[in-house]
Amino acid sequence: VELSLEKIKKVIILAGIVCFFFFLFHPGIEGVTRAGKVSLGIFFLAGSLWITNAIPLAITGLFVIGLIPLLGVLPPKETFSLFGNGSIFFILGAFILSAGLIKSGLARRVALLLIGKFSGSYKQLLIGVLVTSCLLAFFMPEHAVAAMLFPVTLDISHYLKIDERRKVGAWLFLLLAWGSVIGGVATPLGGARAPLAIGLLLEEYGMRVDFLKWSLMCVPIALSILLVAISRVLTLNPKGVEITHISEKARDELVRIGKLSSLEKKTSFVFFLAFICWVFLNRYIDMATVAILAAALLFFLRVLSWKDIENYVNWGVILMYGGAIVLGATLVKTGAAKWIAISFLRPFLRTPFSVFVTFSLISVLVTEFLSNVATVALLLPIAFGVANVLGIDPFFITLTVTVPSGLAFCLPIGTPPNAIAFSSGRYGIGFSMKNGVLMNISSWLIILFFGIFYWPHFGGR
Amino acid sequence: MLGLSNTRTGEEAIKKFIEEASKAKREVIILFVSDDRFPKALSTWLLYMGFLGVELTEEVKEVLRNELKEKAIEKIEEIKRSLAEMGIPYEVIMKEGNFFEKLREVSLSREVRKVIVPREKEVLFGRIEKLPEDFPADIEEI
């Protein structure tokens with residue numbers, strides 16, 4: 001299996017290189033400028049590198065930023081200025097805040113409190129893990145939630161008797177992944193794809209979307225999908241599993257941790273302040289400004305040191321987003337995105353409704369195999385191209401691609417929470433596929449429902 | 001000898017090992033190698049994706065390594081119980097490092113005739129290690 005995967009990767013990279021030179025030396029494509037033609041070549045090359053992870057995603061981002069001025073698509077000054085998009089700073093701030101939540105121990109305390117409340121029976125325990133990971137992912141990146149809750153979930157599984165562990169263990173970890181994934185689509189804090197999409201929207205249309213507006217659109221979807229996942233848990237019926245001691249263990253652990261520490265108090269204060277600004281002062285302060293000021297405040301209050309940032313924040317990620325925003329903006333500006341959409345998807349893009357159905361379905365499918373951010377980086381510029389032709393509201397099309405692209409439930413390669421939960425070894429691909437497909441279908445239908453009946457009331461048409 | 005690692009714990013091989021041990025009625029060895037390849041591959045992959053900082057990835061790696069080791073030890077306890085019930089003498093050896101290197105070392109030092117190893121399952125984050133060709137004992141992968 002692995003050998004054939006390696007071969008597929010090589011074929012994809014080769015195809016990317018061939019496409020790059022094809023568009024670079026093509027005499028002319030109707031309706032596409034020279035800059036557009038070259039940016040198509042860069043798009044296919046970068047796409048092949050992002051899909052295969054041939055080089056780190058971040059380096060592909062840098063490579064893109066270098067190729068665009070080198071091949072004369074945009075002047076260097078304009079290319080590099082796209083890198084200054086507010087979303088990049090929002091992501092940076094959100095990562096630093098999340099480092100504060102983890103380092104201070106506040107996130108773990110909240111997790112133990114929530115799980116302790118839910119652990120009267122095995123079903124409650126499973127729902128507890130699901131709801132806890134989901135709610136935490138409203139406030140911190142989903143991958144950090146999964147990484148932080150992974151040891152907690154392992155501890156819980158160790159409290160179970162061996163036969164209980166066999167019956168419930170797989171679900172415990174699968175629901176950890178599902179909860180993180182579902183919560184991750186709710187607010188811009190839950191994952192990097194929403195800030196990236198907001199950044200692309202600002203770059204292309206000058207349209208500013210604040211924290212509250214994005215959350216109002218997405219929280220009801222996340223809660224509905226959470227209800228579907230809870231319903232799935234309620235249908236489980238493993239015999240002979242009686243869990244009564246987990247809440248005591250959680251309580252013991254909370255006693256061991258002790259009272260709220262000074263670091264936790266300071267982190268709570270900073271997070272509360274940032275949240276108030278994001279929700280109530282969004283008209284006056286940009287969400288990226290709030291994120292970086294809150295991050296700085298964590299340093300003033302001595303919650304974090306520079307070493308923590310070096311350890312917890314992956315700087316490479318910033319480069320990847322920079323590259324994605326620059327490439328996305330270039331594709332739309334040069335008309336190349338429109339050309340891709342018309343050339344490859346014409347039969348499916350006759351009406352705004354068919355665009356909505358097609359792009360949401362493609363995003364749900366593609367995100368299972370590609371990282372969420374790469375899905376947005378590759379699909380959103382193309383969707384913008386279509387939106388321009390059919391006069392679809394850019395915010396609506398942004399949601400159409402971004403929300404489903406966060407919902408990878410089946411494969412461990414789709415998103416870090418799935419990979420982390422899968423690595424527990426408690427379940428195999430078959431188990432997550434069988435249950436994940438149902439979640440994929442349900443969540444896609446939920447998105448269609450909200451897209452038709454809910455988003456239009458908030459200006460998304 | 002039965003060769004186990006944190007990524008090689010398949011039931012089929014263990015069953016075969018117990019069957020053969022019950023026929024041979026002589027001392028057997030259970031070797032467990034704590035192999036870092038899988039946790040390392042996952043950790044590298046997560047960083048590669050560009051989503052986790054160094055510290056978080058290290059934490060995940062450490063937790064995962066312990067968990068896999070603990071699961072394998074649970075399995076060894078089950079095997080020990082089965083062997084004890086059948087009255088077959090056994091020795092458990094624990095090592096850390098590369099699975100096949102340690103397997104070779106022990107096979108040579110203890111003059112092992114036959115080795116049974118479970119097939120490796122995790123293929124998503126790392127490369128499956130193939131059986132070495134010039135192994136000093138009969139080796140069967142199940």
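Which residue just after α3(A) takes a positive phi? In this predicted model, the residue in that position is A:Gly72, whose phi is about 75°.

**Chain A as a whole**

The secondary structure of chain A consists of 22 helices and zero strands. Its radius of gyration is 22 Å, close to the 23 Å that the globule rule gives for 461 residues, so chain A is as compact as a globular protein of that length. Measured out along the principal axes, the C-alpha trace spans about 70 × 50 × 45 Å. Of the 461 residues in this chain, 61% count as buried, and the surface that chain A exposes comes to about 17800 Å², of which carbon and sulfur atoms supply 70%. When contacts between residues at least 6 apart in sequence are considered, 79% of them in chain A join residues at least 24 apart. As for charge, chain A carries 36 positive and 21 negative side chains, and the centres of these two sets lie 2 Å apart.

**Helix α3 of chain A**

Helix α3 of chain A covers residues 57-70, and its 14 residues should span 20 Å at 1.5 Å a residue; the end C-alpha atoms are indeed 20 Å apart, which agrees with that expectation. The buried residues of α3(A) are A:Leu57, A:Ala58, A:Thr60, A:Gly61, A:Val64, A:Ile65, A:Leu67, A:Ile68 and A:Pro69. As general background to such a list, an α-helix has 3.6 residues a turn, so residues three or four places apart point the same way.

**Two buried positions**

A:Ala383 sits in helix α19 of chain A, which runs over residues 372-390. With a relative accessible area of 0%, against a cut-off of under 20% for buried residues, A:Ala383 is buried. Leaving aside neighbours within four places in sequence, A:Ala383 is in contact with A:Phe359, A:Ile397 and A:Val401. A:Ala337 is 46 residues away from A:Ala383 in sequence, while the two C-alpha atoms are 7.6 Å apart in space.

In chain B, B:Gly3 belongs to strand β1, residues 2-5, and B:Gly3 also counts as buried, at 0% relative accessibility. Not counting residues up to four places away in sequence, B:Gly3 touches B:Leu31, B:Phe99, B:Leu103, B:Ile116, B:Val117 and B:Pro118. The C-alpha atoms of B:Gly3 and B:Val115 are separated by 6.8 Å, although these residues are 112 apart along the chain.

**Positive phi outside glycine**

Most residues other than glycine have a negative phi, and most peptide bonds are trans. Against that background, two loop residues are set out below.

| Residue | Phi | Loop | Relative accessible area |
|---|---|---|---|
| A:Arg302 | about 60° | between α14 (287-300) and α15 (306-312) of chain A | 69% |
| B:Glu111 | near 50° | between α4 (99-109) and β4 (114-117) of chain B | 71% |

Is A:Arg302 buried or exposed? A:Arg302 is exposed, because its relative accessible area of 69% is over the 50% cut-off. B:Glu111 is likewise exposed, with a relative accessible area of 71%.

Terms used
Residues numbered from 1 in each chain as written. Chains lettered and ligands numbered in written order. Predicted model: local features only at pLDDT ≥ 70, side-chain atom pairs only at ≥ 80, totals over all residues. Heavy atoms only, no water. Helix = DSSP H or I, 4+ residues; strand = E, 2+ residues; numbered from the N terminus. Expected span 1.5 Å × (residues − 1). Buried < 20%, exposed > 50% of the residue type's maximum accessible area, 1.4 Å probe, protein only. Rg over C-alpha atoms; globule rule 2.2 N^0.38 Å. Contact = heavy atoms within 4.5 Å. Areas by Shrake-Rupley, 256 points an atom, 1.4 Å probe, with all protein chains shown as cover. Lys, Arg positive; Asp, Glu negative; His and termini not counted. Charge placed at Lys NZ, Arg CZ, Asp CG, Glu CD.
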